[in-house]
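Please work through the following exercises with the sequence and the model at hand. Each task is followed by a solution in steps.

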Amino acid sequence: MKAMILQPPIGLDRLTLDDRPDPGAPGAGEIRVALHGSSLNYHDLGVATGRMPTEGGRIPLADGAGIVEAVGAGVTEFAAGDTVVSCFFPDWQDGAPRVGDFARTPGDGIDGFAQDHVVRPATAFTRAPRGYDAVEAATITTAGLTAWRALVVDGKLKPGDTVLLLGTGGVSIWALQLARAMGATVAITSSSAEKLERARALGADLTVNYREDAAWGQTVRRWTGGRGIDHVVEVGGPGTLAQSIEAVRIGGHISLIGVLTGGAGEVPTAALMAKQARLQGLIVGSRRDQQDMVRALDATGIRPVVDRRFPLEQLADAFRHEAGASHFGKIGIEW
Ligand SMILES: NC(=O)c1ccc[n+]([C@@H]2O[C@H](COP(=O)([O-])OP(=O)(O)OC[C@H]3O[C@@H](n4cnc5c(N)ncnc54)[C@H](OP(=O)(O)O)[C@@H]3O)[C@@H](O)[C@H]2O)c1
């Protein structure tokens, strides 16, 4: 069975195609899945470049989707032939958050999905959205579910709400599509005029180039008539949080998600206090959240934006493409 592995010392040049033993037949409560697609996340890039340390020999990629080949004793939720997609936290089934690290996240603490077949507990997967191919389905594991949790689970988004999105990567474009489908009005920032044009075509109402407008938070707040934004999907971190606080409305909601500008920095605490805004850290979501999201995708017919697809053997090139940040939405891996 083929698998891409991270050879120590870990780096993109050390990603190699390996031959691994077939995982065999599923045991009780397990399913055997023929994997056909994945998508890249900033987290996967961190693992593959060695910025986020993991074990040598690790199979990367948190997102995985494919077809059930066999089910073990006691599995009633799936049958052979079903299309399924993996869960970022295979052990967090439902309820309040209870995992704060990546020790059991595929492609980080345990082997990921850059391989042909896996045998895993049935509860580590959900049904894939109807009509999605494997790459499209894989985009919900990390980026899609994070956007869903920020806006729907934690944000309790309503039609008519305003949403601010930062940049045009995987999480932000998923959030744009979900927010528009739910009747929200969306402002989005990017470093690229061409990407902002594409965001407008997907329904973004206000577009701002964050390279040309350093005070983008104020620009966005002015656009809301001075009221401010209901929900900010904060993927930037310390370099963007002050502007996000500037943009948010009094009593609004900021989902603290990303580390694109670093992992620590200054927070204008008095400004946040004056805004009486809720600053909520989050990491992806539970399996129940993913099941709810799949149901919503079946109902709305949203299809994710896949910027480009690479074969599994060209995984290192796919990561280089991600690192170059020329992509819009998701980067797919298929085999
Ligand atoms: N907490 C969680 O559960 C969770 C889940 C998923 C992702 N994340 C985090 O969220 C962030 C985004 O992840 P992703 O997978 O969507 O990444 P990605 O697809 O690689 O997106 C990268 C994009 O971010 C934008 N960007 C970079 N610096 C920016 C800045 N200073 N201001 C605004 N936008 C900026 C750029 O957009 P333009 O090219 O348009 O400028 C870039 O193309 C990462 O930090 C990731 O670790 C967290």
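The exercises below concern the overall fold, the ligand site and two backbone details.

This is a predicted model, in which local features need pLDDT of at least 70, side-chain atom pairs count only at pLDDT 80 or more, and totals for chains, interfaces and linings use all residues. Residues are numbered from 1 along each chain as its sequence is written, and side-chain values use heavy atoms, with hydrogens and water left out.

**Exercise 1.** Describe the secondary structure and the overall dimensions of the protein.

Solution. Begin with the secondary structure: the protein has 10 helices and 15 strands (DSSP runs numbered from the N terminus, helices being H or I with at least four residues and strands E with at least two). Next, take the principal axes, along which the C-alpha atoms fill a box of roughly 60 × 40 × 35 Å. Finally, test the radius of gyration (taken over C-alpha atoms; the globule rule is 2.2 Å times the number of residues to the power 0.38). The protein's value of 20 Å agrees with a compact globule, because 335 residues would give a radius near 20 Å in that case.

**Exercise 2.** Characterise the shell of residues around the ligand.

Solution. First, list the neighbours: 27 residues surround the ligand, and T168, S190, K195, Y210 and V284 come nearest (a residue is near if one of its heavy atoms lies within 4 Å). Second, sort the shell by class, which gives 12 nonpolar, 13 polar and 2 charged residues (Ala, Val, Leu, Ile, Met, Phe, Trp, Tyr, Cys and Pro count as nonpolar, Asp, Glu, Lys and Arg as charged, and the others, Gly among them, as polar).

**Exercise 3.** Identify polar contacts of the ligand (pairs of N or O atoms within 3.5 Å).

Solution. Start with the backbone: a N or O atom of V259 lies 2.8 Å from a ligand oxygen, and a polar backbone atom of Y42 is 3.3 Å from an oxygen atom of the ligand. Then turn to the side chains, where a polar atom of H327 lies 3.0 Å from a ligand oxygen.

**Exercise 4.** Locate two backbone details.

Solution. The peptide bond from P8 to P9 is cis, with omega near -5°, and P9 is in the loop between β1 (2-6) and β2 (15-19). Q276, a residue other than glycine, has a positive phi near 50°; Q276 is in the loop between α8 (269-275) and β13 (278-281).

Terms used: Polar contact = N/O pair within 3.5 Å; in protein donor to acceptor, adjacent residues only side chain to side chain.
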